[in-house]
Amino acid sequence: MPAIDIRNLSFTHPAGKRPALDSLSLTIEPGRFTAVIGANNAGKTTLCHALSGVIPHLFPGTFEGRVRICGNDIAETPISKLALSVAFVMQNPESQLSGIRFTVRDEIAFGLENQGVDRPEMLRRVDRALESTGLADLADRSPHHLSGGQLQKVALAAAIAVDTPVLILDEPTTFLDPASATEIFAILRRLKQNGKTIVVAEQRLDSVALHADRVLGLHQGRLALDGPPEEVLVSPALREIGLDWTRFTRIAALARDKGLWQKDAPLPATLEGTLNGLAKN
């Protein structure tokens, strides 16, 4: 059974002049790391909201089609039950803080308390989430005294603690410096290796190239690109949907134009691929 199954999904916001998502169909198998890319207003955030159940349960609008998460139809399943299958990390970590917990440990435990998880299991999950995100030394700190990168780790740790099979993240590195963004992607990679299904909307294509198994390119709510990063991120069609190649692809293309690239070799999307291509000349 697919972890995510979308059939003819369309959604139009109340004030929208066109659908934010338009006749979208795709499946994602369990344990895959899928990146969603696209220019502003391509539909990335709307898709994340639909996959998490925020749409149609909390946001008004015209919803058509079907979305199933771990076999659960999101339109027919209460969001409290969906929360057992899918966790959602938003772009701004401060918007996910409860505001009523005074330590990182208690903030991470908040969702588990709402689900009625018994205390021994709760403590075990919180400790595991703290360890996996590198927050163990900050467990007794106030969330309100943390940096943006640390706060995003707290939001991610809270999602990890709930221990859902599917994790959806909407541009989680937008407000982070490169070092913090690298740490977030390293955590996601480890989660994927442990069997989690990861879907992340992301603008940092360098990170997408390194970590994703599959890349979905959205354009005006439609699926314009779909494939492995080494194909999607070097495709000329990437520029047609308002994005640019990674810097490593641009360097390789320039080297190719100047005759410094191996003949007929594909363009790479990563630093390693570019160095390998240049080293052959």
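# A guided tour, starting from helix α4

Begin by selecting helix α4, in which Val 104, Glu 107, Ile 108, Ala 109 and Leu 112 are buried. The model on display is a predicted one. Show the neighbouring helices as well: the buried residues of α4 pack against α5 and α6. An α-helix has 3.6 residues a turn, so residues three or four places apart point the same way.

**Stop 1: α4 against α5**

Select residues 104–114, which form α4, together with residues 119–132, which form α5. Two packed helices are described by the angle between their axes and the distance between the axes. Here the angle is about 130° and the axes are 10 Å apart. Angles of 65 to 115 degrees count as roughly perpendicular and those over 145 as roughly antiparallel; α4 is therefore oblique to α5. The crossing of these two helices is right-handed.

Which residues of α4 and α5 make the contact? On the α4 side, display Val 104, Arg 105, Ile 108, Ala 109, Leu 112 and Glu 113. On the α5 side, display Met 122, Arg 125, Val 126, Asp 127, Ala 129 and Leu 130. Coloured by class, the contact of α4 with α5 shows eight nonpolar residues, four charged residues and no polar ones.

Before leaving this region, select Gly 116, which follows α4 and has a positive phi, near 75°.

**Stop 2: α5 against α6**

Keep α5 in view and add helix α6, residues 148–162. The axes of α5 and α6 come within 8 Å and cross at roughly 135°. These two helices are therefore oblique to each other, and α5 passes α6 in a right-handed crossing. The residues to display are Arg 125, Ala 129 and Ser 132 of α5, with Ala 157, Ile 160, Ala 161 and Val 162 of α6. By class, the contact of α5 with α6 has five nonpolar residues, one polar and one charged.

**Stop 3: strand β1**

Move next to strand β1, residues 4–12, and select Ser 10 within the strand. Is Ser 10 buried or exposed? Its relative accessible area is 11%, so Ser 10 is buried. A polar atom of the Ser 10 side chain lies 2.8 Å from the backbone nitrogen of Ser 23. Beyond its neighbours within four places in sequence, Ser 10 is in contact with Leu 21, Asp 22, Ser 23, Thr 62, Phe 63 and Glu 64.

Asn 8 also lies in strand β1. Its relative accessibility is 52%, so Asn 8 counts as exposed. The backbone of Asn 8 deserves a look, since its phi is positive, near 50°, in a residue other than glycine.

**Stop 4: further backbone features**

Select Ile 55 and Pro 56, which are joined by a cis peptide bond with an omega of about 15°. Pro 56 has its place in helix α2, residues 54–57.

Then go to Glu 171, in the loop between β7 (166–170) and α7. Glu 171 is not a glycine, yet its phi is positive, about 45°. At 9% relative accessibility, Glu 171 counts as buried.

**Stop 5: the loop after α7**

Where does Asn 194 lie? Asn 194 is in the loop between α7 (178–193) and β8 (197–201). With a relative accessible area of 68%, Asn 194 is exposed. Select Gly 31 too: Gly 31 and Asn 194 are 163 residues apart along the chain, while their C-alpha atoms are separated by 8.1 Å.

**Stop 6: His 211 in α8**

Select His 211 in helix α8, residues 205–211. His 211 counts as buried, at 17% relative accessibility. Not counting residues up to four places away in sequence, His 211 touches Phe 33, Phe 185 and Arg 189.

**Stop 7: Ala 252 in α11**

The last selection is Ala 252, found in helix α11, residues 247–257. The relative accessible area of Ala 252 is 0%, so this residue is buried. Leaving aside its neighbours within four places in sequence, Ala 252 is in contact with Trp 261, Leu 267, Pro 268 and Thr 274. To end the tour, draw a C-alpha to C-alpha distance from Ala 252 to Asp 137: these residues are 42 Å apart in space and 115 residues apart in sequence.

Terms used. Residues are numbered from 1 along each chain as its sequence is written. This is a predicted model: local features need pLDDT of at least 70, side-chain atom pairs count only at pLDDT 80 or more; totals for chains, interfaces and linings use all residues. Side-chain values use heavy atoms; hydrogens and water are left out. Axes are lines fitted to C-alpha atoms, for helices over the stretch in contact, and angles run from 0 to 180 degrees between N-to-C directions. Helices (H or I, at least four residues) and strands (E, at least two) are DSSP runs, numbered from the N terminus. Angles under 35 degrees count as roughly parallel, over 145 as roughly antiparallel, 65 to 115 as roughly perpendicular and the rest as oblique. A crossing is left-handed if the near helix is turned anticlockwise from the far one by less than a right angle, and right-handed if clockwise. Contact means heavy atoms within 4.5 Å. Ala, Val, Leu, Ile, Met, Phe, Trp, Tyr, Cys and Pro count as nonpolar, Asp, Glu, Lys and Arg as charged, and the others, Gly among them, as polar. Buried means under 20% relative accessible area, exposed over 50%, partly exposed in between (1.4 Å probe, protein chains only). A polar contact is a pair of N or O atoms within 3.5 Å; within protein, one must be able to donate a hydrogen and the other to accept it, and residues adjacent in sequence count only if both atoms are side-chain atoms.
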